[in-house]
Number of protein chains: 2
Amino acid sequence: MQTRLYSFLGGRTGPWRVSATRVVSGDPLPPAERVEVIQGEARAGTEAAWILRGVTSHERYVTRPERARLVEHQPALGRLEATHAAFIPIRKSPAWWSLAQDERRTVFEARSAHIATGLRYLPAVARRLHHCRDLAPSEPFDFLTWFEFAPADATAFDELLDALRASEEWQFVEREVEVRVVRES
Amino acid sequence: MQTRLYSFLGGRTGPWRVSATRVVSGDPLPPAERVEVIQGEARAGTEAAWILRGVTSHERYVTRPERARLVEHQPALGRLEATHAAFIPIRKSPAWWSLAQDERRTVFEARSAHIATGLRYLPAVARRLHHCRDLAPSEPFDFLTWFEFAPADATAFDELLDALRASEEWQFVEREVEVRVVRES
């Protein structure tokens, strides 16, 4: 069975060099020069400034027609030209998690257009979402998202982040760190 | 921070005596005489025939009006008269998890009336749902549900199980074990 677990390590090694780190809200992460992405668990004793883990999982809000559009346009990770990436861990507030499913969906798409906004940046931006809220009761984040894009699409990616952060959904984000990286191997 | 993790131990000790075990679908669990429910992790080295873990989490399908009705009628666990309980671990099929959110909701409530059926057995049956699908990539079940009720409500509880198992949603259940227990301490 292929594991759905991914570990993100910030430290001194790894193929991705950190070009910028920005604390969008809440506490920062310890500084790191490099990022490594591992499928599965990091080996015991691995030295890192931080290790964050998440699992890929089924979609929580996407409807069938939305998924059809996503599947049609979304690129895979690992494209040769996609040498820029961003690692963005997020935690949402207790107020978000206490909403009912229909209320979360309404904020997520009807009022914040999260899916529609993301679709505008396909196929430029590849993305993989990892869930950590239910991985262990004390995970520091709820979601880890990894994005990859070509240098020429970096401005478009910034626009995507601006649009999402201006949405009603982001009023429920209480911790967010943005780690921008460049592939160097 | 109060942990959302619960461990269910089947073995030779614990306050709940196993009165019957039934394999509804898929593989059985190893036999156990007693069940213990622990908030948090079982201590390392704990002897048990099986240990299953899950986290309480936000609701995945319940709308605000449905939640209002549930909150109004659902009893707490631990009622003195609720000396009968059932532990029912379930795994759903890959076909279920590949449905979009709107399709799962449609099967769950519009076509299977999962919430409406459960509401008919309130306040007799107390229930706590635990999620395990995203706890680790290799968990044997997706959900663990713990039910408590008075002996006089055992027949009603059987009816509830029959109704759910006859629903379209249950066509997506590929493993289900029912462990019935009686409190003896």
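How much area do chain B and chain A bury between them? In this predicted model, in which local features need pLDDT of at least 70, side-chain atom pairs count only at pLDDT 80 or more, and totals for chains, interfaces and linings use all residues, side-chain values use heavy atoms, with hydrogens and water left out. Residues are numbered from 1 along each chain as its sequence is written, while chains are lettered from A and ligands numbered from 1 in the order in which they are written.

Chain B and chain A bury about 2,500 Å² between them, 44% of it on carbon and sulfur atoms, where buried area is the accessible area (1.4 Å probe) that two parts lose on being put together, summed over both. Of the area that chain B buries against chain A, 28% is supplied by B:His58, B:Asp134 and B:Pro137, more than by any other three residues. The contact (heavy atoms within 4.5 Å) takes 28 residues from chain B and 28 residues from chain A.

Six salt bridges are counted between chain B and chain A, a salt bridge being a side-chain nitrogen of Lys or Arg within 4 Å of a carboxyl oxygen of Asp or Glu. One salt bridge joins B:Glu103 to A:Arg64, with the closest N and O atoms 2.8 Å apart. Two elements of chain B, helix 1 (64-73) and helix 3 (101-111), give two or more residues to the side of chain B that touches chain A, helices being DSSP runs (H or I, at least four residues) and strands likewise (E, at least two), numbered from the N terminus. Helix 3 of chain B gives the most to this side, with four residues.

Within helix 1 of chain B, B:Glu66, B:Arg67 and B:Leu70 are buried, a term that means under 20% relative accessible area, as against exposed at over 50% and partly exposed in between (1.4 Å probe, protein chains only). Seen down the axis of helix 1 of chain B, its buried residues fall within an arc of 95 degrees, so they line one face of the helix; the arc is that of the directions from the helix axis to the C-beta atoms. The buried residues of this helix pack against helix 3 and helix 4 (114-120) of chain B.

Elsewhere in chain B, B:His131 belongs to strand 6 (residues 126-131) and is buried, with a relative accessible area of 8%. Leaving aside residues up to four places away in sequence, B:His131 touches several residues, among them B:His58 and B:Phe143.
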